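Here is a short question-and-answer walk through one model, with the reasoning behind each label spelled out.

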Amino acid sequence: MIYTIGKVDASGRVRDQSFVEAMGWEAGQTLTITATAGAVIIQRDPRGVFSVPTTCQLVIPAPLRARYHLHHGDRVLLVAARAYDTILIYTMALLHQSLAERHVLLLDGGGAQ
């Protein structure tokens, strides 16, 4: 897995070309973009209706940006699951929710080993 933080622009682009390139994806390849369990899921798929733009930047479709309340300037966690040929995009809110219990545990001293 490869992780990075990206920023969403007004058009839903996440301007991190190196991440798409690290996946071995190229402009014009078709993608399927779905969402479930709080994550946007982007998979290379020869039957997909989306494609990698010539800029090799990820684009989160407007309905999914609205669903997850993503706006211009918001940061997202990008996860490249290379073995699955898939990129997962998580909002910072979901990341916080997932880690909040762990933060409290560590800050309260319960995580020391």
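The turns below cover confidence, the sheet and one threonine.

Q: How do you know how far to trust this model?
A: This is a predicted model, in which local features need pLDDT of at least 70, side-chain atom pairs count only at pLDDT 80 or more, and totals for chains, interfaces and linings use all residues. Residues are numbered from 1 along each chain as its sequence is written, and side-chain values use heavy atoms, leaving out hydrogens and water. The protein averages a pLDDT (the predictor's confidence in each residue, from 0 to 100) of 88, and 96% of the residues score at least 70.

Q: What makes β1 and β7 a pair?
A: Two strands (DSSP runs of E, at least two residues, numbered from the N terminus) pair if DSSP finds at least two bridges between them. Here 6 bridges join β1 to β7 (residues 75-81), so the two count as paired, and they run antiparallel. Within this pairing, Gly6 stands opposite Val76 in β7.

Q: Why is Thr91 called buried?
A: Buried means under 20% relative accessible area, exposed over 50%, and partly exposed in between, using a 1.4 Å probe and protein chains only. Thr91 has 11%, so Thr91 is buried.

Q: Which residues does Thr91 touch?
A: Contact means heavy atoms within 4.5 Å. Not counting residues up to four places away in sequence, Thr91, which sits in strand β8, touches Tyr68, Leu70 and Val76.
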